[in-house]
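Okay, everyone, let's get started. Today I'd like to walk you through the empty spaces in this model, so have a look at it while I talk.

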Amino acid sequence: MPPIIDCAAVTKRYANGHLALDAVDLAIDKGEIFALLGPNGAGKTTLIGVVCGTVSMTSGAVRVAGFDIQRDFRAARFAIGLVPQEIALDIFATVWGTVSFSRRLFGRPPDPAYLERLLRDLSLWEKRNSRIVELSGGMKRRVMIAKALSHQPEVLFLDEPTAGVDVNLRRDMWALVRRLRDDGVTVILTTHYIEEAEEMADRVGVIDKGRVLLVEDKKALMRKLGKRRLTLVLTRPLPALPDSLAGWPIALEDGGRRLAYSFDASARDTGAPTLLRRLAEAGVDFADLETTASSLEDIFVDLVGRAA
Amino acid sequence: MRGLNPGGVWAIYRYELSRTVRTIWQSVATPVITTALYFVVFGGAIGSRIHEVGGVSYGAFIVPGLIMLSLLTQSLSNASIGIYFPKFTGTIFEILSAPLSPVEAVAAYVGAAATKSIVIGLIILATATLFVEVRIDHPFWMVAFLILTSVAFSLLGFVIGVWAKTFEQLAVIPSLVVTPLTFLGGAFYSIDMLPPFWRTVSLFNPVVYLVSGFRWSFLSQGDVSVATSLGFTIAFIVVSLAILTWIFRTGWRLKP
């Protein structure tokens, strides 16, 4: 199946000379939740702007649902719903008014039943006749999402959806994203909250300084790049490591009461069985053990740090 | 979706007009009161000394100029605010990312701004009939000039709205350029009444041609020929469209 979004060598140089996107190639599959991760100023928002038509690109090509965003801009944009980072609403409009305006703007015939379901899903139904100016910040953000979904897009872009959002709204938003995926909608979200990507995404792309550093299935990424850590809680404090473990990546913590061993989870020989055998030979007993996988955050910091 | 998006154009057009309906009293009362004041000041106070210009009472003479004055300022401000405001609040992202061509977007915004101006022009005309006997010799051309002028200045207003980065810039062209040009453009006098030097200077004022043609449609008399006026109005529209084409081709001040 061809990708729903296909960026080829997308380059954006702003008028001030800043190279925001440097020949970005990126293919996003239909129906997936894709998280674009990167620090501030990495080019995430610019990339979304190019695909959605709010930023003109310097060179390159983008296809959305098979349509070129320049030649077939109508069909391409019709497939897209965009929730930008900043809340931008006509404060005098009503919730219902602005959401149905968005639907009409995309040339869709009225469908009050769909809009009602949408507003109910976003807990906005009770507020449908309120003016935007009367709503809280969180409610306004829900309105932004309702507007983006009002024309039933195939692809939804969420630019920093949970920045400055309370826990309730964040939970609702995640539930909504999952529901959308169940309906076959492709969701692309940018974030610098790693937990968000880790929790939500099927695939993760890391972007920094206008270049895509990596695109990977989230689980594979964590397996491939993840370090694991084995911690042993010792029965007796150990003043120093036995000679048989000299040179191993082992740290004694908590006054010798804990022994921590870092290893590469993807290696064929993790070294863990050898470690345990040698500890037994040296007469070191332990009461408990735990292993932890490193988070996406560790991976991310590692990647961005290495690219810099 | 591959064809045109008339639904989208209609949505913007309706939305823009609904902004006016929200402030209906302000939108209607302002031109009515302003017109009444002009008639009291120009028609009553000054007109009682001037009596007749070119065979018609001064009150009737200034009706086309009065309508033109409002038409120009209203078209400019309606169209410039119509596009400036979404830029200012950020809601323009939705217009830029919608399946609308630039021509459709301009048609919607300019159409709405021109519609408002035309309605206001007609309200002023109706108000004027309360004060003076209004004669319209060429109704077809009167309506044609009303529409063409509104469209021309709404297009210019759209360009100003795209260009403006602040509210001050938004106000500067209407108040510092268009209003003076209108007052000096024969809205309240015939340029024949000027000394020869100033008459020649006036011919460089574009508003003279607009007012003249419009006045001709009422009174069959103008400062320049009606064909010149018509040609000028159409040239104005063509130039504005050319600027807009360039704006949308380059994304100037709309898209980074």
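So, the lining of the largest cavity: by class, that's 7 nonpolar, 3 polar and 2 charged residues. Keep in mind that what you're seeing is a predicted model.

Who are these residues? From chain A we have A:Cys52, A:Ile80, A:Gly81, A:Leu82, A:Phe106, A:Met144, A:Lys147, A:Ala148 and A:His151, and from chain B there are B:Phe93, B:Glu94 and B:Ser97. If you prefer to think in elements, β6 (80–83) and α5 (137–149) of chain A and α4 (92–96) of chain B each give two or more residues to that lining. The space inside is about 90 Å³. In total, the structure has 3 cavities of 30 Å³ or more.

On to the second largest cavity, with a volume of about 60 Å³. What classes of residue make up its lining? Here we get 10 nonpolar residues, with no polar and no charged ones. Among them are A:Ile5, A:Cys7, A:Leu26, A:Val51 and A:Phe157. Which element gives the most to this lining? That's α1(A), with 3 residues. β1 (5–13) and β2 (19–28) of chain A also give two or more residues each.

Now for the pockets. The largest pocket holds about 750 Å³ of space, and 33 residues line it. Nearest its centre you'll find B:Arg19, B:Thr20, B:Arg22, B:Ile81 and B:Lys116. Several elements of chain B give two or more residues here, including α1 (6–22), α2 (24–50) and α5 (102–131), and chain A joins in with α3 (95–105). The largest share, 8 residues, comes from α3(B). As for class, we have 14 nonpolar, 12 polar and 7 charged residues.

Last one: the second largest pocket, at about 510 Å³. Its lining has 26 residues, and those nearest the centre are A:Gly53, A:Arg77, B:Pro102, B:Phe248 and B:Lys255. Chain A supplies two or more residues from each of α1 and α2 (73–78), while chain B does so from α4, α5 and α10 (226–250). Split by class, this lining is 17 nonpolar, 6 polar and 3 charged.

If you'd like to find one of these spaces yourself, try the largest cavity: look for A:Phe106 and B:Phe93, two of the residues that line it. Okay, that's me done, thanks!

Definitions and conventions
Residues are numbered from 1 along each chain as its sequence is written. Chains are lettered from A and ligands numbered from 1 in the order in which they are written. This is a predicted model: local features need pLDDT of at least 70, side-chain atom pairs count only at pLDDT 80 or more; totals for chains, interfaces and linings use all residues. Side-chain values use heavy atoms; hydrogens and water are left out. On a 1 Å grid over the protein atoms alone, a cavity is a set of points where a 1.4 Å probe fits but cannot get out, and a pocket is an open set with protein on both sides within 12 Å along at least five of seven lines; lining residues have an atom within 4 Å of a point. Grid points are joined across faces, edges and corners, and a volume is the space filled by probe spheres set on the points. Helices (H or I, at least four residues) and strands (E, at least two) are DSSP runs, numbered from the N terminus. Ala, Val, Leu, Ile, Met, Phe, Trp, Tyr, Cys and Pro count as nonpolar, Asp, Glu, Lys and Arg as charged, and the others, Gly among them, as polar.
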